[in-house]
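Trainee: Could you take me through one part of this model up close? I'd like to look at a cavity and what sits around its walls.

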Amino acid sequence: MNEQQLETTNEISLIDLFKILRKNLLLIIAFTFAFAVFATVYAYVIADPTYKSNADVMVQVQTDVAVEGAYDYTTAQKLLATIAELMKKDVVLIEVINELGLEMTASQIRNGLTVTSSTTSYFINISYISDDVTETRDVVNGVIDAAIDIANNNPAFSAIKDKITRTSNAGLGVYESPNKPLYIVIGIILGGIVGVGIALLKELFNNTFQTKDQLENYFGIQVLGVIPEFEVREVK
Amino acid sequence: MSKKKINIFQIERNERYDYLVTKEQPLSYTSECFQKVLINIDYANLDNDMKVLQFTSTLASEGKSTFISNLAYLLGQKGKKVILIDLDLRKPKMNRVFNVTNREGLTDYLSGKVQYETVVRHSEEIGVDFIVGGEKTTSVVNVLEAKKLKELIVRLKSEYDYVLLDTPPVIAVSDALYVAKLADGVIFIVAQNVAKKSLVKEAIQTLKHNNVHIIGTILTQVDLKNGSYGYGYDYSYKYE
């Protein structure tokens with residue numbers, strides 16, 4: 001055997017790959033199935049369902065109360081980020097906890113709370129995710145109420161006094177997660193990948209003689225024949 | 001990993017030694033593969049000086065007995081005078097191939113209990129002569145080194161076209177090495193997915209170190225359905 005021939009026999013072709021996969025089809029299917037089942041069980045049984053509510057506020061800076069439509073848009077834009085920050089601060093969240101009588105810490109609420117402001121509009125969106133349908137609604141509304149209350153009545157925050165306008169109320173939380181179909185699809189894909197990976201590894205670590213060429217190249221002894229596995233047929 | 005893995009999805013390996021695939025399914029692909037081996041042995045043996053062929057493998061269950069019995073049958077069909085001797089005295093299987101009891105065999109002949117005419121039997125079904133292992137003995141090596149065995153083989157060599165010797169695997173015991181001294185050449189059986197390469201290498205090295213002439217190897221138990229072989233592998237020989 002010359003070098004070139006050896007090289008070609010050591011290469012793994014697409015057909016070989018396909019054959020490896022076909023040979024280990026059951027293994028791959030088993031893994032895919034197992035992962036899919038696990039993902040399904042997780043999505044439907046293990047994972048706690050969570051719900052999400054959201055509402056918006058608008059930030060407006062009126063320059064002259066007497067003149068209708070006299071607004072300072074630049075300042076409003078600048079205040080957006082501050083107000084969004086404020087809504088996540090302890091000063092607001094502790095008031096929400098007291099108001100709703102929740103047995104939670106401010107940071108626990110902060111984990112589920114998302115406040116997003118945009119640079120192109122004057123709206124701030126407040127959303128909250130929890131496993132309780134009503135709690136999500138109450139927290140979102142509570143955060144908005146507390147923020148407006150603090151802005152308007154706490155002299156320390158006079159810079160944003162009367163700048164926050166509530167534009168919507170949060171409703172009961174809607175189903176947020178787990179995304180069951182997504183979990184199952186991910187389970188199937190992951191199972192398939194793991195199955196294929198194990199099949200390939202298995203083949204890689206299979207250090208027995210598989211083909212006539214392997215045997216012939218390894219020892220340089222003539223292979224006199226290849227005998228396939230056969231079945232005993234009782235009836236001819 | 002060294003043993004064939006038990007796979008519930010796979011059909012259990014054929015353990016029926018009395019089933020000759022070349023006889024029962026003469027037109028099957030498997031039978032054609034056996035025919036090809038025959039042709040290759042003929043080519044390797046152009047001078048016809050290799051009459052005593054020994055068959056061994058790395059480990060047990062690599063398909064030796066199945067291979068030899070089918071080969072013997074085909075040689076018989078070609079009109080050759082063939083005798084098969086079971087020299088795997090530790091785990092004799094030829095009696096199962098020919099569906100006889102393991103009595104009045106080689107060990108009995110060597111110990112003088114039976115005569116040559118009794119020990120050499122003929123199978124109408126397979127069309128070849130054979131000698132079974134005989135009564136089990138603890139001194140296998142002594143038996144294999146016996147002068148009488150050597151003489152027996154010399155005699156058989158003169159009377160038959162082919163003397164086929166079934167011997168134990170190389171890795172387990174050294175029996176095959178003793179037998180090799182009596183044989184003209186060894187045909188080494190390697191089953192797919194059974195012995196690791198390193199083990200096969202060790203076995204072949206052992207044979208080579210003992211100056212054993214290895215005629216060639218045979219790859220057996222090849223999975224055609226989903227293995228590394230395309231179906232109809234080297235099929236073209238039919239038209240050669």
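Mentor: Let's start with the walls of the second largest cavity: α2(B) gives the largest share of the lining, three residues. Keep in mind that this is a predicted model. Two elements give two or more residues to that lining, namely α2 (29–44) and α3 of chain B. The full lining is B:Leu38, B:Ile41, B:Asp42, B:Leu53, B:Leu71, B:Leu75 and B:Tyr162. Sort them by type and you get six nonpolar, no polar and one charged. As for the space inside, the second largest cavity holds about 40 Å³. A search of the whole structure turns up three cavities of 30 Å³ or more. How do you spot such a thing at all? Rolling a probe the size of a water molecule over the atoms shows where empty space is left.

Now look at what else the lining residues do. B:Leu53 lines the cavity, and B:Leu53 is also among the residues with the most contacts inside the largest nonpolar core, along with B:Phe55, B:Phe67 and B:Leu164. That core has 39 residues. Its largest share, seven residues, comes from helix α3 (residues 64–77) of chain B, and α3 of chain B is the helix we just met in the cavity lining.

Pick out B:Phe67 for a moment. Leaving aside neighbours within four places in sequence, B:Phe67 is in contact with B:Phe34, B:Val37, B:Phe55, B:Ile189 and B:Ile218, and with A:Ile227 from chain A. There's also a second, separate core of 35 residues, which includes A:Leu80, A:Leu93, A:Ala146 and A:Ala147.

Notes: Residues are numbered from 1 along each chain as its sequence is written. Chains are lettered from A and ligands numbered from 1 in the order in which they are written. This is a predicted model: local features need pLDDT of at least 70, side-chain atom pairs count only at pLDDT 80 or more; totals for chains, interfaces and linings use all residues. Side-chain values use heavy atoms; hydrogens and water are left out. A nonpolar core is a set of buried Ala, Val, Leu, Ile, Met, Phe, Trp, Tyr and Cys residues joined through side-chain atoms within 4.5 Å. Buried means under 20% relative accessible area, exposed over 50%, partly exposed in between (1.4 Å probe, protein chains only). Helices (H or I, at least four residues) and strands (E, at least two) are DSSP runs, numbered from the N terminus. Contact means heavy atoms within 4.5 Å. On a 1 Å grid over the protein atoms alone, a cavity is a set of points where a 1.4 Å probe fits but cannot get out, and a pocket is an open set with protein on both sides within 12 Å along at least five of seven lines; lining residues have an atom within 4 Å of a point. Grid points are joined across faces, edges and corners, and a volume is the space filled by probe spheres set on the points. Ala, Val, Leu, Ile, Met, Phe, Trp, Tyr, Cys and Pro count as nonpolar, Asp, Glu, Lys and Arg as charged, and the others, Gly among them, as polar.
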